[in-house]
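Biologist: Thanks for sitting down with me. Could you take me through this model, one question at a time?

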Amino acid sequence: MKITDLKCAIIGKTPVVRILTDEGISGFGQAEWAKPYLKPFVLFYKPQLLGEDPTNVERVMRKIRRLGGFKPYGSAVSAIEVALWDIAGKASNLPIYKLLGGKVRDRVLVYNGGIRFPIEGKDSPESFAENTLKMKNLDEGFSIIKQGIAVHGEFASNFDDYFYGDVHWDENNSIVYEDESDQKPWALSQYIPGGGQITEKGFNYTIECIKAMKEVLGDEVGLALDLGPGINPSDALKIAKAVEDLNIMWLEDMITGDYTPYVLADLYRDVTINTTTPIHTGEQIYLRHNFKDLIDKRAVNVVGPDPLDVGGLAETKWIAEYADMNGISIAPHGTIDGLIGLAAHVQLAATLPKNYIAFEYCVPCHKWWYDIIDGLPSPIVKDSYIDVWDSPGLGISFNDGAKKYLKEEDKDFFD
Ligand SMILES: [Mg+2]
């Protein structure tokens with residue numbers, strides 16, 4: 001089998017990759033839907049792929065893996081990797097999990113960082129509690145909920161004097177929930193790392209909001225918190241120690257994180273070894289090599305690579321196995337990995353070792369994506385779990401309804 005073409009279409013805001021072969025089988029992958037600018041990055045790899053046998057996934061990946069980078073630049077490579085597995089699965093009539101070593105679980109736990117609601121009214125401990133209650137009451141019955149706080153999202157920029165000194169927050173620093181018309185490359189401006197030292201009132205407010213959310217969830221639903229990036233290590237440790245009695249699932253990306261192109265494992269280690277609160281990072285990191293320091297030094301308790309940024313499914317599996325040998329858990333990131341990403345996460349999570357906690361439930365850029373993809377279970381999530389399906393490849397496909405969402409320049413995408 002040989003690769004004959006590589007295409008990329010932006011469907012809604014989502015970059016979708018399609019690899020075609022001379023045997024009529026094609027495979028799909030996607031990147032996070034915050035990256036509608038990704039098309040030229042994907043097509044950059046086309047000359048490297050043409051003529052290769054897509055079922056030799058690793059051999060193909062060896063040609064392009066070195067040409068990626070930390071978020072957002074690893075996502076094109078990762079989307080291609082998923083599409084290769086999709087083809088390899090379809091060609092062998094096996095689900096991807098069989099090709100990754102077989103499943104160790106029949107259903108996979110997911111956590112909710114994707115089905116979110118805007119905070120009603122002004123930020124306050126009460127509004128955070130109310131918001132968390134909405135997430136708790138979702139039909140999916142999520143057993144772990146993740147909220148953004150501190151420097152993540154708009155929490156700090158909505159608060160007067162969160163940091164000592166002036167911080168120049170980006171004016172476009174707003175989260176888009178579901179705006180059909182909005183085509184902004186969301187998440188590019190959002191993660192300018194925060195300020196210097198957190199003020200005492202900023203610190204107290206953060207802890208009050210965390211306590212208010214935890215009160216709503218009790219010990220029935222786990223609370224994970226995404227706090228950065230851009231908190232200095234001493235503030236990070238102060239926060240971690242202040243919430244030790246609250247049994248938080250993890251504190252994510254306090255020092256580095258979203259769109260920071262470096263790791264700083266030693267700084268994470270200084271925090272992690274001094275607190276019982278689990279510390280987490282990794283969604284922006286590209287390749288297993290860049291997890292080596294974090295894992296070897298036991299600098300975090302939980303790693304959170306995003307398979308659609310780190311280099312793909314096999315890359316994530318390797319990191320999970322290596323983390324497991326070193327007593328570190330894995331909770332893959334995935335909130336805006338869309339429905340192709342969701343299928344990929346399910347196939348991967350089925351194969352991960354015992355250190356697997358849950359992956360972040362993926363949502364699409366627009367609700368109509370649920371109408372154009374066939375093959376997902378209905379309902380998708382039951383009691384916070386997704387049953388692993390057995391159809392070949394990713395086990396999902398586009399139906400005819402997808403065509404009407406193709407932009408003029410992508411009209412031949414499904415041909
Ligand atoms: Mg995060």
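Biologist: Where is Y259 found, and is it buried, exposed or partly exposed?
Modeller: Keep in mind that this is a predicted model. Y259 sits in the loop between β7 and α9. Its phi is near 60°, a positive value in a residue other than glycine. Buried would take 20 or more other C-beta atoms within 10 Å, and exposed 12 or fewer; Y259 has 18, so it is partly exposed.

Biologist: A150 is not a glycine either, so what is the sign of its phi, and how is it classed for burial?
Modeller: A150 belongs to the loop between β5 (144–148) and α7. Its phi is positive, about 60°. Because A150 has 29 C-beta neighbours inside 10 Å, it counts as buried.

Biologist: Let's turn to the loop between β6 and α8, where P229 lies. What is the omega of the peptide bond from G228 to P229?
Modeller: P229 is in that loop, and the bond leading into it from G228 is cis. Its omega is near 5°.

Biologist: I231 is in the loop between β6 (222–226) and α8 (233–242) too. How far is I231 from F163 in space?
Modeller: I231 is buried, because 30 other C-beta atoms lie within 10 Å. F163 is 68 residues away from I231 in sequence. From C-alpha to C-alpha, I231 and F163 are 9.9 Å apart.

Biologist: Which elements are among those that cover the buried residues of α8?
Modeller: The buried residues in α8 are D235, A236, L237, I239 and A240. What covers them includes two helices and two strands, by name α7 (200–217), α9 (265–272), β7 (250–252) and β8 (279–281).

Biologist: T281 is found in strand β8. Which residues does T281 contact, leaving aside its neighbours within four places in sequence?
Modeller: T281 is buried, since 31 other C-beta atoms lie within 10 Å. I336, 55 residues from T281 along the chain, has its C-alpha atom 17 Å from that of T281. With neighbours within four places set aside, the contacts of T281 are E252, D253, T256, G257, Y268, V300 and G304.

Biologist: Now the helix pairs. How are α3 and α4 oriented to each other?
Modeller: Two packed helices are described by the angle between their axes and the distance between the axes. For α3 (residues 57–64) and α4 (residues 75–92), the angle is about 165° and the axes are 10 Å apart. An angle over 145 degrees counts as roughly antiparallel, and α3 and α4 are therefore roughly antiparallel.

Biologist: Which residues meet there, and how do they divide into nonpolar, polar and charged?
Modeller: α3 passes α4 in a right-handed crossing. From α3 come V57, V60, M61 and I64, and from α4 come V77, I80, E81, L84, W85 and A88. The residues of this contact divide into nine nonpolar, no polar and one charged.

Biologist: P72 is in the loop between α3 and α4. What kind of peptide bond joins K71 and P72?
Modeller: The loop between α3 and α4 holds P72. Omega for the bond joining K71 and P72 is about 10°. That peptide bond is cis.

Biologist: What about α12 and α13: how does their angle class them?
Modeller: The axes of α12 (residues 313–325) and α13 (residues 338–349) come within 10 Å and cross at roughly 40°. An angle under 35 degrees would be roughly parallel, and 65 to 115 roughly perpendicular. The angle of α12 to α13 therefore makes the pair oblique.

Biologist: Which residues make that contact, and how do they divide?
Modeller: The crossing of α12 and α13 is right-handed. L313, T316 and K317 in α12 meet A344, Q347 and L348 in α13. Those residues divide into three nonpolar, two polar and one charged.

Biologist: To finish, what is the radius of gyration of the protein?
Modeller: The protein has 14 helices and 14 strands. The globule rule gives 22 Å for 415 residues, and the protein comes close to that, so it is as compact as a globular protein of that length. Buried residues make up 51% of the 415. The radius of gyration is 21 Å.

Technical notes. Residues are numbered from 1 along each chain as its sequence is written. This is a predicted model: local features need pLDDT of at least 70, side-chain atom pairs count only at pLDDT 80 or more; totals for chains, interfaces and linings use all residues. Axes are lines fitted to C-alpha atoms, for helices over the stretch in contact, and angles run from 0 to 180 degrees between N-to-C directions. Helices (H or I, at least four residues) and strands (E, at least two) are DSSP runs, numbered from the N terminus. A crossing is left-handed if the near helix is turned anticlockwise from the far one by less than a right angle, and right-handed if clockwise. Two residues are in contact if their C-beta atoms, placed from the backbone, lie within 7 Å. Ala, Val, Leu, Ile, Met, Phe, Trp, Tyr, Cys and Pro count as nonpolar, Asp, Glu, Lys and Arg as charged, and the others, Gly among them, as polar. The radius of gyration is taken over C-alpha atoms; the globule rule is 2.2 Å times the number of residues to the power 0.38.
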